[in-house]
Amino acid sequence: MRVPPEISYRGVNKTEALETLVAEKIAKLEKFYREISSCHLAIEKVHDHPDSGSPYRVRLDITVPEDREIVVDKSPDKGVQYKPLEAIIRDTFDIANRQLKEMNEQQHNHMKTHVPGEREIKLDELEEEVAIKAPPADTTAE
């Protein structure tokens, strides 16, 4: 990664376990997609006592070359059983990983398409020894 990841905690105690989990997940992203330019992670406690869903919100912003950006925002879901913070962090990074894989596949598929005029060998550019010579013209038919 070109820039060290920025991690912010809001209303959440920064623990060694959380730091380790986040470091492992970032390392996994970097291992798969080495072109990451920057990574911003915000972990926050949005509610103290939500009616349903999680009190936590995790937002991950990743920038890759060509100013492409991947943003994953896992917010408390209504009607969903309460999830621990670690599970939300894992889900966030899993979604980002899938999006990076899709982006990587799109870039590779784009590169595989044939563009006329590119990567074509022109006979004029070949060396004399390698150039294909035309057979002499048949002059006996006249």
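# Briefing: salt bridges, strands and burial

R10 is partly exposed, with a relative accessible area of 45% (partly exposed lies between buried, under 20%, and exposed, over 50%; 1.4 Å probe, protein chains only). This is a predicted model, in which local features need pLDDT of at least 70 and side-chain atom pairs pLDDT 80 or more, while totals for chains, interfaces and linings use all residues. Residues are numbered from 1 along each chain as its sequence is written, and side-chain values use heavy atoms, without hydrogens or water.

**Salt bridges**

- The structure contains six salt bridges (a Lys or Arg side-chain nitrogen within 4 Å of an Asp or Glu carboxyl oxygen).
- R10 pairs with E44 in one of them, with closest N and O atoms 4.0 Å apart.
- This pair links distant parts of the chain: R10 sits in strand 1 (residues 6-10) and E44 in strand 2 (residues 38-45), 34 residues apart. Strands (E, at least two residues) and helices (H or I, at least four) are DSSP runs, numbered from the N terminus.
- E44 is buried, at 15% relative accessibility.
- K14 forms a salt bridge with E19, and their closest N and O atoms are 3.3 Å apart.
- K14 is exposed at 55% relative accessibility, whereas E19 is partly exposed at 35%.
- R59 and D73 also meet through their side chains, 3.9 Å from N to O.
- That salt bridge joins distant parts of the chain too: R59 belongs to strand 3 (residues 56-64) and D73 to strand 4 (residues 68-74), with their positions 14 residues apart.
- Both ends are partly exposed: R59 has a relative accessible area of 29%, and D73 has 35%.
- Shared partners tie R10, E44, R57, R59, D61 and D73 into one salt-bridge network.

**Strand pairing**

- Six of the eight residues of strand 2 are buried, so the rest of the structure largely encloses this strand.
- Strand 1 and strand 2 run parallel and are joined by five bridges (strands pair if DSSP finds at least two bridges between them).
- Within this pairing, R10 has E44 as its bridge partner in strand 2. The salt bridge described above connects these two residues as well.
- From strand 1 the chain passes through helix 1 to strand 2, and this β-α-β crossover is left-handed (right-handed would be a clockwise path from the first strand over the helix to the second, with the strands pointing away from the viewer).
- Strand 2 and strand 3 run antiparallel, with eight bridges between them.
- C39 stands opposite I62 of strand 3.
- In a regular strand, side chains alternate between the two faces of the sheet.

**Helix 1: L18**

- L18 is part of helix 1 (residues 16-32).
- L18 is buried, with a relative accessible area of 3%.
- Apart from neighbours within four places in sequence, L18 is in contact (heavy atoms within 4.5 Å) with Y9, V12, N13, L85, E86 and I89.
- E86 is 68 residues from L18 in sequence, yet their C-alpha atoms are 7.3 Å apart in space.

**Loop after strand 4: D77**

- D77 lies in the loop between strand 4 and helix 2 (85-112).
- D77 is partly exposed, at 38% relative accessible area.
- D77 and S54 are 23 residues apart along the chain, and 6.7 Å separates their C-alpha atoms.
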